[in-house]
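Dear colleague,

I am passing on to you the structure we spoke about, and my notes on it follow underneath. Please look through it at your own pace before you read on.

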Amino acid sequence: MSGASAGAMNAVLLASGLAQGGATEARATLERFWRKVSEAGRQSRFLTSNPILTGVTSQLSPYQFNPFDLSPLRDILTTEVDIEAVCRRAPVRLLLGATRVRDGALRLFRNKELTYDVVLASACLPQLHQAVLIDGEPHWDGGYAANPPLIPLVTATRASTLLVVQIIPTNYADLPVTSQAIDKRVNQITFSNSLQRDLEALSMMAQLCREGDMQSSGLGRKLQRLKVHRLIAEDCVDGLSGFSFMNTDWDHLQHLRDHGRSAADAWLSQQSTADIAQSPEPLRSS
């Protein structure tokens with residue numbers, strides 16, 4: 001599993017639950033974590049209901065409005081995730097991304113390299129959180145560099161089928177005209193563009209392999225048989241582009257979860273053992 005930002009959080013929660021109690025515990029871990037995130041969000045929502053406090057904090061960086069770097073998310077993560085279990089005995093391999101602030105480069109972390117700081121760095125939005133130090137280097141959200149890291153995932157696995165779950169909307173109904181709406185749309189474009197860039201790069205690499213000398217290489221053969229599926233959240237959730245990243249209301253999170261499950265069930269019902277076993281068209285996206 002490859003992920004960045006919230007995808008990295010979910011991947012680690014899933015891996016921790018699987019390592020400790022299988023699928024049942026994995027579902028329970030995800031549920032507990034997001035319930036606690038919702039509860040923590042309720043405590044801070046009074047800021048958004050006070051226009052004076054909102055106006056003041058919106059002009060400050062996290063180094064100013066949170067100088068002690070207090071992080072409820074860290075407390076929840078350390079309570080719900082057994083990082084040692086993820087590193088040593090998780091039945092799934094992880095590939096999580098964070099963005100190095102110094103040069104904007106993508107940094108990848110596998111199971112044995114994971115720490116709580118790595119997970120927090122992968123989901124570190126710089127407008128809300130201080131950069132997370134890893135090996136003395138500050139890091140931000142992995143979605144800026146790769147959302148999620150696809151090319152490293154393809155090269156690291158023998159799998160010929162890739163399922164991409166895209167939660168960031170690419171389309172926006174109206175022209176954003178307020179400062180808040182403009183910032184939200186810029187973030188959406190930034191995060192969705194990194195995914196589109198990787199998909200286009202994979203397609204180009206496959207084309208070059210088919211036409212050039214690499215077609216007989218291991219990577220060339222892998223790219224030629226790679227089949228890409230994409231579940232796009234905005235196709236399943238009406239008005240997704242208008243939702244706030246910061247909306248952690250439990251009813252809202254359940255709404256997103258339930259629509260995600262329905263979309264996954266619909267996709268799975270369309271697949272069959274024969275479909276997956278047969279030789280797929282190169283980089284066909286559906």
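To begin with helix H4, its exposed residues Asp-75 and Thr-79 are carried on the face turned away from the buried side of the helix. In this same helix, which runs over residues 72-80, the buried residues are Ile-76, Leu-77 and Glu-80. These three lie on the same side of H4, because the arc they cover around the axis is only 100 degrees.

Please bear in mind that this is a predicted model, in which the protein chain has an average pLDDT of 86 and 87% of the residues score at least 70. Over residues 279-286, however, pLDDT stays under 50, and for this stretch the model has 24 contacts beyond four places in sequence. Where pLDDT is low, the predicted coordinates should not be read in detail.

As for the interior, the largest nonpolar core has 30 residues, and those that touch the most other members are Val-12, Leu-94 and Leu-114. At least two residues of this core come from each of helix H1 (6-44), H4, helix H5 (83-89), strand E2 (95-100), helix H6 (116-122) and strand E4 (132-134), and H1 gives the most, with nine residues. If neighbours within four places in sequence are left aside, the contacts of Val-12 are Val-81, Val-86, Leu-94, Leu-96, Leu-114 and Val-119. Another core, of 14 residues, lies apart from this one, and Leu-195, Leu-199, Ala-206 and Leu-226 are among its members.

With best wishes

Conventions. Residues are numbered from 1 along each chain as its sequence is written. This is a predicted model: local features need pLDDT of at least 70, side-chain atom pairs count only at pLDDT 80 or more; totals for chains, interfaces and linings use all residues. Side-chain values use heavy atoms; hydrogens and water are left out. Buried means under 20% relative accessible area, exposed over 50%, partly exposed in between (1.4 Å probe, protein chains only). Helices (H or I, at least four residues) and strands (E, at least two) are DSSP runs, numbered from the N terminus. The arc is that of the directions from the helix axis to the C-beta atoms. pLDDT is the predictor's confidence in each residue, from 0 to 100. Contact means heavy atoms within 4.5 Å. A nonpolar core is a set of buried Ala, Val, Leu, Ile, Met, Phe, Trp, Tyr and Cys residues joined through side-chain atoms within 4.5 Å.
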